[in-house]
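Me: Could you take a close look at one part of this model for me, starting from a single side chain and working outward? I'd like one connected account rather than a list.

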Amino acid sequence: RTSPAYAVNCPCCPQVGRMGLLERENAAILNESLRPLCRETIRAFGRALESLELRCPFYLTKNDGTLISASSARAFPVSTFASGPTNSMRGAYHLSGISDGVVIDIGGTTSDGGYLRNGYPRQASSEVKIAGVSVGYQMADTISIGLGGGSLVAMRPDGTAKVGPQSVGYQLTRPETGHAAIVFGGNTLTASDVAIAAGIADGMKKDIDKDGEVCDQRLASVDPATVQAACAVMQNAIADLIDIVKGSAGEVEVILVGGGSELVNTRQSQRPLGVARFVQPPCCEVANAVGAALGQISATIDRVYVASGRDAAEREAARAEQHRRFVTEARALCVEYGALEESVVVHPPVETAMSYMPGRNV
């Protein structure tokens, strides 16, 4: 229908997702579902910038750790909704200078783990699912667990500790809500309380009380056995997360960022197997903002071509010509998104044979 009351968006699946018909359709449906909220969010950002008299283009961060213009984000909001962990990973790289290693971003409710490869988050190579639905979209390979600074701590009847996944969230530092952590004047035992009581979060303790006397007084009633048991649970949870994320038997460097990064016991005696060292870079608590502020613009294209030719030499020549054409297309798209042409770096193409189609389709 032509009436504005019945106006609908008609997305083109190849513009939204990668290879795979069903996955592209799912990604397109998810994208259209997010567009109304994204438009309103971007308008709100625009109004905020205008109130600060900042009349300039602005960008949002993508799921892969790079940037996308506001106008492109309106069309493809699905490219931005899972960018939080990747911002922190890029920030961890900038703050630590470590280009390859595991990043653990610990916030108030969850801990997100991912692997840095050449300074960028490792991309998921297998099927990507959102709420159990397969989507053909580029996503960072990250894992989340329910452990953060506001995670609730309780003891079970058998004497073992339970930490998370429930959390007081934003109420962690607000005693007026009745759910703040003990160290912040509340009466709820949280992971932050346990870490400070165990002496592994001295920085957090000094932020609350320079001399530490107030924290000590507030935590005096906490059972040392509870502290010990909860710390063991937290350390094991982080060790398991690192083991899953790193994906290999060798030792790796682990970069700890986020406001709850001090929940991890970084002493050498407590270092898990497979961890070469823990690194807490300066300003690690704002790694997310650093990663977003120093993000770079990117563009990715997926194309299918037939490797035709009478012999191997002709097929190789045709392949090289296709690669040149795709590189030119990718560079132009990156410039269109706002990148400076002289700064564009093109990564080598990745080829995947399409065995379910006739001919030499790649």
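**Starting from a cysteine**

Reply: C284 counts as buried, with a relative accessibility of 9%. Here buried means under 20% relative accessible area, exposed means over 50%, and partly exposed is anything in between (1.4 Å probe, protein chains only). Before going further, a word on what we're looking at: this is a predicted model, in which local features need pLDDT of at least 70 and side-chain atom pairs count only at pLDDT 80 or more, while totals for chains, interfaces and linings use all residues. Residues are numbered from 1 along each chain as its sequence is written, and side-chain values use heavy atoms, with hydrogens and water left out.

Back to C284, then. Its sulfur has the one in C283 as its closest cysteine sulfur, but at 8.1 Å that is too far for a bond. C334 is buried too, at 8% relative accessibility, and its closest cysteine sulfur, in C56, sits 20 Å away, again too far for a bond. With a disulfide taken as a pair of cysteine sulfur atoms within 2.5 Å, the count comes to 0.

What about the nonpolar interior? A nonpolar core here is a set of buried Ala, Val, Leu, Ile, Met, Phe, Trp, Tyr and Cys residues joined through side-chain atoms within 4.5 Å. The largest one has 40 residues, and I104, V194 and V254 touch the most other members. Several elements (DSSP runs, numbered from the N terminus: helices are H or I with at least four residues, strands E with at least two) each supply at least two of its residues: strands β3 (101-106), β10 (161-167), β11 (252-257) and β12 (275-279), plus helices α5 (191-197) and α8 (224-246). The largest share, 9 residues, comes from α8. For a feel of the packing, take I104: leaving out residues up to four places away in sequence, its contacts (heavy atoms within 4.5 Å) include I238, L241 and I242, as well as D112 and G113 and the run V254, I255, L256 and V257. Apart from this core lies another, of 10 residues, with V103, L116, V279 and A287 among them.

L116 leads us to Y93, in helix α4 (residues 84-96). Once neighbours within four places in sequence are set aside, Y93 is in contact with L116, and also with I98, S99 and G119. Y93 is partly exposed, at 26% relative accessible area. Its C-alpha atom is 8.0 Å from that of Y120, 27 residues away along the chain. Close by in sequence, N118 lies in the loop between β4 (111-117) and β5 (120-121). N118 has a positive phi, near 55°, despite not being a glycine, and it counts as exposed at 61% relative accessibility.

E53 is another non-glycine with a positive phi, about 60°. It is found in the loop between α2 and β1 (59-61) and is exposed, with a relative accessible area of 61%. While we're on backbone oddities, a cis peptide bond joins G164 and P165, with omega about -5°; P165 is found in strand β10.

Now for α2 itself, residues 21-51. If you take the expected span as 1.5 Å times one less than the number of residues, its 31 residues should cover 45 Å, and the end C-alpha atoms are 44 Å apart, which agrees. Still, there is a kink of about 40° at R35, shortly before the proline P36; the bend is the angle between axes fitted to the seven residues ending at a position and the seven starting there. Buried residues of α2 include R35, C38, I42, G46 and L49.

Last, the charged pairs. A salt bridge is a side-chain nitrogen of Lys or Arg within 4 Å of a carboxyl oxygen of Asp or Glu, and the model has 8 of them. E316 and R319 meet in one at 3.0 Å, N to O; they are 3 residues apart in helix α10 (residues 312-336), so about one helical turn separates them. Shared partners join E40, R43 and R47 into one network. Within it, R47 and E40 have their closest N and O atoms 3.4 Å apart. R47 is partly exposed at 46%, as is E40 at 37%.
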